[in-house]
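Me: I want to press you on the labels used for this model. Take me through the reasoning behind each one.

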Amino acid sequence: MKIKSVKAREILSSGSTPTIEVTCKLNSGIKGTASVPYGASAGIHEAFVLMDGGKRYNGKGMLKAVGNVNNIISKKIIGLDASKQRKIDETMIELDGTENKKRLGANAILGVSLAVARAAANQKNTPMYQHIRNIFALPIKKFILPNPMMVIIEGGKHADQSTDLQEYLVSPIGSKSVKENIRSGIEVYLALKRILKEKGLSVNVGNEGAFAPSGLPTNETPLKIIKEAIRKAGYKAGKDIGISLDPAASEIYIKGKYKLNKENKKLSSEQMIDYFEDWVNKYPITTLEDPLHEDDWDNWPKLTERLGKKIPIIGDDLTVTNPKRLQKAIDLKAINAILIKLNQIGTLTETVDCCMLARKHKFMTVISHRGGGETNDTTMIDLAVAVNSGFVKVGPSRGERVGKYNRLMEIEDELGTKAKVAGKDFKKIV
Ligand code: 2PG
Ligand code: MG
């Protein structure tokens with residue numbers, strides 16, 4: 001299990017910008033490769049993504065991060081046991097020495113962290129989800145497979161001239177099979193495509209594979225159209241398929257107000273809470289993510305008190321997969337569920353720690369793709385299966401997204417009757 005070499009390369013991500021891929025080779029000759037995504041609407045408290053600056057790729061090159069892996073990190077971890085994930089991640093955190101991985105780059109560190117995990121899993125011939133349970137000795141016995149959460153209309157920073165709010169999603173929960181839930185979600189996506197076409201709206205897709213039409217009159221319109229799409233596809237809204245929302249409110253927060261261009265409104269936090277409460281009362285909303293700004297700590301608890309009994313209130317930019325920020329959110333009762341993105345924090349160990357802290361407090365976890373620069377890496381799915389997440393948030397089209405659903409369906413086949421599906425019980429932590 002000794003690490004023989006660690007090598008990074010610059011590759012392209014889905015956003016036509018570079019990212020980093022790392023291969024870890026063991027003394028046995030077995031290898032593991034992983035790549036790192038990054039987000040278009042990244043929260044300000046996320047771990048640092050080291051980019052080159054300068055002219056190359058408009059400053060977004062990753063050769064510095066590649067160099068940090070090949071010349072600095074590799075020297076420290078060659079010879080270590082690849083199955084000692086926590087030790088390896090802690091070694092890199094110490095070597096970096098900054099609070100947000102600014103020196104070496106969270107992209108460099110996460111690439112190594114995941115490549116090491118892959119190599120060790122391959123050496124043991126163990127699926128990644130089981131490997132994660134083993135190396136962290138997770139006290140979870142059952143397998144509960146996540147439901148899909150599919151972005152089907154997107155706006156904000158993920159698309160041009162669409163809605164102010166970033167994501168309108170469908171959350172299929174009606175079936176006890178992952179494959180059937182994926183199928184129903186896709187059928188709604190296709191029904192939505194037909195409806196948009198009939199209305200003369202564009203069906204070109206945005207960053208995450210969702211539709212991103214201009215010409216939607218208000219931010220509420222997608223909710224009406226999605227409800228119609230659910231019905232037209234032959235499903236019951238709320239029962240078979242819920243609607244999830246990720247307004248990514250930090251992106252519309254300007255000088256203390258939430259700016260909704262579509263409706264020509266500037267709302268206070270209190271008014272924003274009313275705005276969403278109205279929607280929760282009117283539509284079959286299943287989850288609500290980042291409804292307020294990432295530092296609007298005074299108002300998150302008010303929102304969660306009002307809506308948290310009905311639906312999970314998910315922190316994303318608020319918590320950035322960081323156990324410290326999650327602990328603060330727990331103490332303040334700011335949320336009751338959390339979005340998890342490996343690259344927000346930058347190591348597998350810290351990500352799993354964050355999931356387990358959430359679990360301890362009976363918070364549902366949702367493991368998520370990134371908007372801007374995804375890759376073909378599917379580790380996020382194995383992570384979701386390892387920690388029994390309620391949902392995986394991934395777009396319904398584009399290769400780098402559907403590959404993740406394909407991995408989830410493969411795991412469902414592999415586990416067979418050993419696994420149950422979250423389905424309607426997604427709030428229950430098992
Ligand atoms: C989000 C994500 C993914 P980004 O806000 O949840 O959908 O977007 O990766 O751009 O931060
Ligand atoms: Mg989000």
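**Labels and their grounds**

Reply: This is a predicted model. Begin with a strand pair: β5 (residues 147-154) and β6 run antiparallel and share 4 bridges. One of the facing pairs is Glu154 with Glu167 in β6.

Me: What makes β5 and β6 a pair?

Reply: Pairing needs at least two bridges. β5 and β6 have 4 bridges, in the antiparallel sense. The term therefore applies.

Me: How do you know that β6 also pairs with β7?

Reply: The test is again at least two bridges. β6 and β7 have 6 bridges and are antiparallel. Tyr168 stands opposite Leu245 in β7.

Me: Why is β6 called mostly covered?

Reply: Buried means under 20% relative accessible area. In β6 (residues 167-172), 6 of 6 residues are buried. Glu167, Leu169 and Ser171 point one way, and Tyr168, Val170 and Pro172 point the other way. Both sets are buried. In a regular strand the side chains alternate between the two faces of the sheet.

Me: What makes Asp246, Glu289 and Asp316 donors of the magnesium ion (ligand 2)?

Reply: The limit for this metal is 2.8 Å, for N, O and S atoms. Asp246 (OD), Glu289 (OE) and Asp316 (OD) lie 2.1 to 2.2 Å from the magnesium ion. They therefore count as donors. Their spacing along the chain is D-x42-E-x26-D. Asp246 is in strand β7 (residues 241-246) and Glu289 in strand β11 (residues 285-289), so the pair ties together parts 43 residues apart in sequence. Asp246 and Glu289 are both buried.

Me: Why is the sheet containing β8, β9 and β10 said to have edge strands?

Reply: The sheet is open, with 3 antiparallel strands in the order β8-β9-β10. β8 (253-254) and β10 (265-267) each pair on one side only, and these are the edge strands. β9 (residues 257-260) meets β10 over 3 bridges, in the antiparallel sense. Leu260 stands opposite Lys265 in β10. Helix α7 (residues 269-282) lies across β9 and β10, at about 105 degrees to β10.

Me: Why is Ser13 called buried?

Reply: The cut-off is under 20%. Ser13 has 7% relative accessibility, so it counts as buried. Ser13 sits in the loop between β1 (3-12) and β2 (18-26). Leaving out residues up to four places away in sequence, Ser13 touches Thr19, Tyr38, Gly373 and Glu374.

Me: And Ala334: what makes it buried?

Reply: Its relative accessible area is 0%, set against the limit of under 20%. Ala334 therefore counts as buried. The residue is in the loop between α9 (323-331) and β13 (337-340). Beyond four places in sequence, Ala334 touches residues including Trp297, Trp300, Pro301 and Ile313.

Me: How do you know that there are cavities, and which residues line the largest one?

Reply: A cavity is space where a 1.4 Å probe fits but cannot get out. With a volume of 30 Å³ or more required, 2 cavities are counted. The largest holds about 130 Å³. Its lining has 17 residues, and Pro37, Leu342, Glu374, Asp377 and Met380 lie nearest the centre. At least two lining residues come from each of α3 (106-124), α10 (342-345), β14 (364-368) and α12 (379-386).

How values were computed
Residues are numbered from 1 along each chain as its sequence is written. Chains are lettered from A and ligands numbered from 1 in the order in which they are written. This is a predicted model: local features need pLDDT of at least 70, side-chain atom pairs count only at pLDDT 80 or more; totals for chains, interfaces and linings use all residues. Side-chain values use heavy atoms; hydrogens and water are left out. Contact means heavy atoms within 4.5 Å. Axes are lines fitted to C-alpha atoms, for helices over the stretch in contact, and angles run from 0 to 180 degrees between N-to-C directions. Donors are N, O and S atoms within 2.8 Å of the metal (3.2 Å for Na, K and Ca); water is not among the atoms, so sites may look incomplete. Buried means under 20% relative accessible area, exposed over 50%, partly exposed in between (1.4 Å probe, protein chains only). On a 1 Å grid over the protein atoms alone, a cavity is a set of points where a 1.4 Å probe fits but cannot get out, and a pocket is an open set with protein on both sides within 12 Å along at least five of seven lines; lining residues have an atom within 4 Å of a point. Grid points are joined across faces, edges and corners, and a volume is the space filled by probe spheres set on the points.
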